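Colleague: I have a few "how do you know" questions for you about this chain. Could we go through them with the structure on the screen?

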Amino acid sequence: MKIVAYIRVSTDKQGRSGLGLEAQQAAIAAFAKTANAATVAEFQEVESGRNNARPELEKALKMARVMGAKLVIAKLDRLSRNAAFLLKLQDSCVDFVCCDMPDANALTVGIMSVIAQAESRMIGDRTRAAMQAAKARGQKFGNPNGAAALRRAGKGNSAACAIQKDRANARANDLADVLADLAIGGFSTLREQSDELNKRGIKTARGGQWHPNTVARLRHRLAQTS
């Protein structure tokens, strides 16, 4: 088994001091030893729990998809109230395990995200109620003219095709850095690149082996989306 480790601490001070990092690394190392797994990459995020931006998580999910690896999170409880993180994890199509919540899966994470969203809505409701009370006292907030509502396109076969195309483009973008690395390493022909992708254990979008024609299609897609 191949795993990608994701570790997060909430402040720069913790990140610099290593506070919290060592415990999380130890938990992931213990999991890897028990599962007889090899860690192919480790990503560390130093972010506030209130910040929905997770650049290192994006990199970790991308690496897991590319390598067909399992994402291992040391401490899900630190992130269980963040709906954006939970939804990203649920929708990533990446298998994952949480060292502090080993029974967590896509279903439980989905339930947690619903709860987190409900809590967020309740906070929003309380904020709006407070603003309405302030407005009743004569206080004004921002621009009273909201943006015009966006019209949604009708859904049908074209929408399904668009979703499939978006997924294919996302997979191609995941592999763009790998192709660039192959070129730097001197693997210039389609045959050389397909052989090296197979040697690195990277699967195609359908979980199969690479061939010159599949590499050619990947390069063509990347050229179209660039």
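Modeller: Happy to! Let's start with the pocket: α6 gives the largest share of the lining of the largest pocket, nine residues. Please keep in mind that this is a predicted model.

Colleague: How much space lies in the largest pocket, and which residues are the closest to its centre?

Modeller: The largest pocket holds about 980 Å³ of space. Its lining has 32 residues, and R167, A168, R171, A205 and R206 are the closest to the centre. The elements giving two or more residues to that lining are α3 (55-67), α6 (157-184) and α8 (212-225).

Colleague: And how do the residues of the lining divide into nonpolar, polar and charged?

Modeller: There are 13 nonpolar, eight polar and 11 charged residues in the lining of the largest pocket.

Colleague: Let's step back to the fold. What pattern does the chain follow along the sequence?

Modeller: Along the sequence the pattern is β-α-α-β-α-β-α-β-α-α-α-α, which comes to eight helices and four strands. Of the 226 residues in the protein chain, 32% are buried.

Colleague: Now α8. How do you know what span is expected for α8?

Modeller: The helix α8 has 14 residues, and at 1.5 Å a residue the expected span is 20 Å. From the first C-alpha of α8 to the last, the reach is 20 Å, close to that expectation.

Colleague: Which residues of α8 are buried, and why do you say they line one face of the helix?

Modeller: The buried residues of α8 are T214, V215, L218 and L222. Down the axis of α8 they fall within an arc of 100 degrees, so they line one face of the helix. On the face turned away from that buried side, α8 carries the exposed residues R217, A223 and Q224.

Colleague: What makes T214 count as buried?

Modeller: Its relative accessibility is 16%, and buried means under 20%, so T214 counts as buried. T214 lies in helix α8. T214 and T204 are 10 residues apart along the chain, with their C-alpha atoms separated by 8.1 Å.

Colleague: Then why is N198 called partly exposed?

Modeller: N198 has 21% relative accessibility. The partly exposed class lies between the 20% and 50% cut-offs, so N198 counts as partly exposed. The place of N198 is in helix α7 (residues 190-199). The C-alpha atoms of N198 and Q209 are separated by 6.3 Å, with their positions 11 residues apart along the chain counted as the gap.

Colleague: Could we do the same for α2? How do you know that the span of α2 agrees with what it should be?

Modeller: At 1.5 Å a residue, the 15 residues of α2 should span 21 Å, and the end C-alpha atoms are 21 Å apart, so the two agree. In α2 (21-35), the buried residues are L21, Q24, I28, F31 and A32. These cover an arc of only 100 degrees around the axis, which puts them on the same side of α2. The face turned away from the buried side of α2 carries the exposed residues E22, A23, K33 and T34.

Colleague: What follows α2?

Modeller: That is N36, whose phi is positive, near 55 degrees, although N36 is not a glycine. The place of N36 is in the loop between α2 and β2.

Colleague: Is N36 buried or exposed, and why?

Modeller: Exposed means over 50%. N36 has 67% relative accessibility, so N36 counts as exposed.

Colleague: And R54, in the loop between β2 and α3: why is R54 put in its class?

Modeller: The relative accessibility of R54 is 4%, set against a cut-off of under 20% for buried, so R54 counts as buried. R54 and F85 are 31 residues apart in sequence and 7.8 Å apart in space, C-alpha to C-alpha.

Colleague: Which residues have the most contacts inside the largest nonpolar core?

Modeller: In this core of 31 residues, those with the most contacts are V4, Y6, L71, F85 and I202. Among the elements giving two or more residues to this core are β1 (2-9), β2 (38-46), α4 (83-90) and α8. The largest share, six residues, comes from α3.

Definitions and conventions: Residues are numbered from 1 along each chain as its sequence is written. This is a predicted model: local features need pLDDT of at least 70, side-chain atom pairs count only at pLDDT 80 or more; totals for chains, interfaces and linings use all residues. Side-chain values use heavy atoms; hydrogens and water are left out. On a 1 Å grid over the protein atoms alone, a cavity is a set of points where a 1.4 Å probe fits but cannot get out, and a pocket is an open set with protein on both sides within 12 Å along at least five of seven lines; lining residues have an atom within 4 Å of a point. Grid points are joined across faces, edges and corners, and a volume is the space filled by probe spheres set on the points. Ala, Val, Leu, Ile, Met, Phe, Trp, Tyr, Cys and Pro count as nonpolar, Asp, Glu, Lys and Arg as charged, and the others, Gly among them, as polar. The expected span of a helix is 1.5 Å times one less than its number of residues. Buried means under 20% relative accessible area, exposed over 50%, partly exposed in between (1.4 Å probe, protein chains only). The arc is that of the directions from the helix axis to the C-beta atoms. A nonpolar core is a set of buried Ala, Val, Leu, Ile, Met, Phe, Trp, Tyr and Cys residues joined through side-chain atoms within 4.5 Å.
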